[in-house]
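Subject: Structure handover

Hello,

Here is the structure I promised to pass on. Please open it alongside this email, and then read on for what I found.

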2 protein chains.
Amino acid sequence: MARMDPVARRARILEAGRAVALRQGLAATTVRDIAAEMGSSPGLVHHYVDSMDGLLAEVFELVAREGLETTRAAVASSGSPCEALRAFFSTSLRPGHGTAFQLWLDAWAEAARRPELGATSRRLNIEWQSVLVGIIEDGVAAGEFRCAEPESAAWRLLSLLDGLVLQMVAHDISFSDDDVMTWVAGSAERELGLAPGALTHPDAVLRLAPDRSSTPSTSSTPATSHTRSPSEAAS
Amino acid sequence: MARMDPVARRARILEAGRAVALRQGLAATTVRDIAAEMGSSPGLVHHYVDSMDGLLAEVFELVAREGLETTRAAVASSGSPCEALRAFFSTSLRPGHGTAFQLWLDAWAEAARRPELGATSRRLNIEWQSVLVGIIEDGVAAGEFRCAEPESAAWRLLSLLDGLVLQMVAHDISFSDDDVMTWVAGSAERELGLAPGALTHPDAVLRLAPDRSSTPSTSSTPATSHTRSPSEAAS
DNA sequence: TGCTTCGTTGAGCAAGTGTCCAACAAGCGG
DNA sequence: CCGCTTGTTGGACACTTGCTCAACGAAGCA
């Protein structure tokens, strides 16, 4: 292979690792696979990387951070806390997330056996939760959400989301991305004192509603419903 | 090693596999480890087992079914749907569940690469959800729960539980078994139209409350609360 | 042109993996 | 006592893994 600038070569290795990991899973990624992916030799990979554990941790971080930044960007460009919440959930469920989610499954399982991967997984997981905490706190400050404990509420919503996606990816359970979106949004409405449908109502366009910030919806008087409305999603 | 009856030997192999898998995880379990665990040779294992995939699937089923039957028994001996729900959640969170939960993590991750293990994981997962569906339907029939879609409600509750336990086991996140119990019970109350505290109120002893069936609590008029009460759990 | 630097090679090592199988021996009917 | 069935052995095979390292050769400079 052609001689390369060290930093470019290192990036190339991670990129190749990304491709291999997305194709066959993090736990089944080998040094030789990565070398073959970029048409090079195993020795070269180890010239830039100390251990397989560290390499897998870096590859995982590359993929996971990509998703995290996508979500962060969508959240940041949202006009309201409700819109930010929707953006958080919908970017977490975008098509193609399934193959990336396999990396999370591998990271969770391997965390007990690969220290660096475990530490990276833990760190990114907390970053992800922090984004959600930020949205909730913004919403509470704006008077749109009611939540006594944003930290634990974020863990509950994130865990529900992870658990549902897990069912779709690991087993191929009979519900869809849309179902998951509806259910998580519904849980968020109850968790944050929103009116049912505030996050799922069809009149709110999923992503872009530039004139929405001027009409802070109905959040001021959420004292209407008591039990969960069955919602209109057919499972 | 001493000669053994084939069915006893087979059981012994699975028992040894169980011990190894609980110690070092399903994905790190090898034929030689299992043979060494029972003081025997690798060849013997393969004399009773077709492939490693099948062996891991059987070991996983052994452990998972053990937990499932514990939960089933606790649910069956409950006097009311509410008590059954509490039993379902508390048996899913009993001490030592953490090491068994690692097997679930491994099964979910390996499901994509080991067909038999994947099929077993899927099957047991659905059995677990069925138990929950049964509880909900019983509660609805008894007029204690209100739930339009028991199937999807069970998936939501189970996913929340899995997601939260996952955070505790894979990462060592800062909430406890008690927090998870409180949160999942609270979610179940909202999901099933119960009054806040119906599942977590301290006057209900966690497991055994034999005189509770005569007083069907307050579930007949659940039209009181609208937003989530902050609950008393300090995260 | 020669020399140094350094990214790159790929064979090779030691330690694994699942799997197979010829040999062994314990129990048992004769 | 023998011979047969059959559970058991453990070495061996083919393969994969992470990792090393002496050798190579392209680029840059004098």
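Helix 3 of chain B gives the largest share of the surface near DNA strand D, with four residues. Keep in mind that this is a predicted model. Other elements also take part. Two or more residues of that surface come from each of helix 2 (31-37) and helix 3 of chain A, and from each of helix 1 (6-24) and helix 3 of chain B.

Which residues are closest to DNA strand D? They are Thr30(A), His46(A), Met1(B), Arg9(B) and Ser40(B), out of 22 residues that surround the strand. By class, the surface near DNA strand D has eight nonpolar, nine polar and five charged residues. Sugar or phosphate makes up 57% of the atoms of DNA strand D within 4 Å of the protein, and bases make up the rest.

Three contacts to phosphate oxygens of DNA strand D are worth a look.
- Ser40(B): an N or O atom of its side chain is 2.5 Å from a phosphate oxygen of DNA strand D.
- Val31(A): a backbone N or O atom lies 3.2 Å from a phosphate oxygen of DNA strand D.
- Ser41(B): a polar side-chain atom lies 3.5 Å from a phosphate oxygen of DNA strand D.

Now DNA strand C. It is surrounded by 22 residues. The closest are Met1(A), Arg9(A), Ser40(A), Thr30(B) and His46(B). Of the atoms of DNA strand C that come within 4 Å of the protein, 59% are sugar and phosphate.

Which helix gives the most to the surface near DNA strand C? Helix 3 of chain A does, with four residues. At least two residues each come from helix 1 (6-24) and helix 3 (42-48) of chain A, and from helix 2 (31-37) and helix 3 (42-48) of chain B. The surface near DNA strand C holds eight nonpolar, nine polar and five charged residues.

Phosphate and base contacts both turn up on DNA strand C. A backbone N or O atom of Met4(A) lies 2.9 Å from a phosphate oxygen of DNA strand C. For Met52(B), a backbone N or O atom lies 3.0 Å from a phosphate oxygen of that strand. Arg3(A) reaches a base instead: an N or O atom in its side chain is 3.4 Å from a base oxygen of DNA strand C.

Next, helix packing in chain B. Start with helix 4 (residues 52-76) and helix 5 (residues 81-92) of chain B. Their axes come within 8 Å and cross at roughly 155°. Helix 4 of chain B and helix 5 of chain B are therefore roughly antiparallel. The crossing of these two helices is right-handed. On helix 4 of chain B, the contact uses Thr70(B), Thr71(B), Ala74(B) and Val75(B). On helix 5 of chain B, the partners are Ala84(B), Ala87(B), Phe88(B), Thr91(B) and Ser92(B). This contact has five nonpolar, four polar and no charged residues.

Helix 4 of chain B also packs with helix 6 (residues 97-110) of chain B. The angle is about 135° and the axes are 10 Å apart. That makes helix 4 of chain B oblique to helix 6 of chain B. This crossing is left-handed. Phe60(B), Val63(B) and Ala64(B) of helix 4 of chain B meet Ala100(B), Leu103(B), Trp104(B) and Ala107(B) of helix 6 of chain B. What classes do these residues fall into? Seven are nonpolar, with no polar and no charged residues in the contact of helix 4 with helix 6 of chain B.

Last, helix 8 (residues 150-169) and helix 9 (residues 177-191) of chain B. Their axes come within 10 Å and cross at roughly 165°. Helix 8 of chain B and helix 9 of chain B are therefore roughly antiparallel to each other. Their crossing is right-handed. Helix 8 of chain B brings Ala153(B), Arg156(B), Leu157(B), Leu160(B), Leu161(B), Leu164(B) and Met168(B) to the contact. Helix 9 of chain B brings Asp177(B), Val180(B), Trp183(B), Val184(B), Ser187(B), Ala188(B) and Glu191(B). Counted by class, the contact of helix 8 with helix 9 of chain B has ten nonpolar, one polar and three charged residues.

Best wishes

Note on methods: Residues are numbered from 1 along each chain as its sequence is written. Chains are lettered from A and ligands numbered from 1 in the order in which they are written. This is a predicted model: local features need pLDDT of at least 70, side-chain atom pairs count only at pLDDT 80 or more; totals for chains, interfaces and linings use all residues. Side-chain values use heavy atoms; hydrogens and water are left out. A residue is near a molecule or strand if one of its heavy atoms lies within 4 Å of it. A polar contact is a pair of N or O atoms within 3.5 Å; within protein, one must be able to donate a hydrogen and the other to accept it, and residues adjacent in sequence count only if both atoms are side-chain atoms. Ala, Val, Leu, Ile, Met, Phe, Trp, Tyr, Cys and Pro count as nonpolar, Asp, Glu, Lys and Arg as charged, and the others, Gly among them, as polar. Axes are lines fitted to C-alpha atoms, for helices over the stretch in contact, and angles run from 0 to 180 degrees between N-to-C directions. Angles under 35 degrees count as roughly parallel, over 145 as roughly antiparallel, 65 to 115 as roughly perpendicular and the rest as oblique. A crossing is left-handed if the near helix is turned anticlockwise from the far one by less than a right angle, and right-handed if clockwise. Contact means heavy atoms within 4.5 Å.
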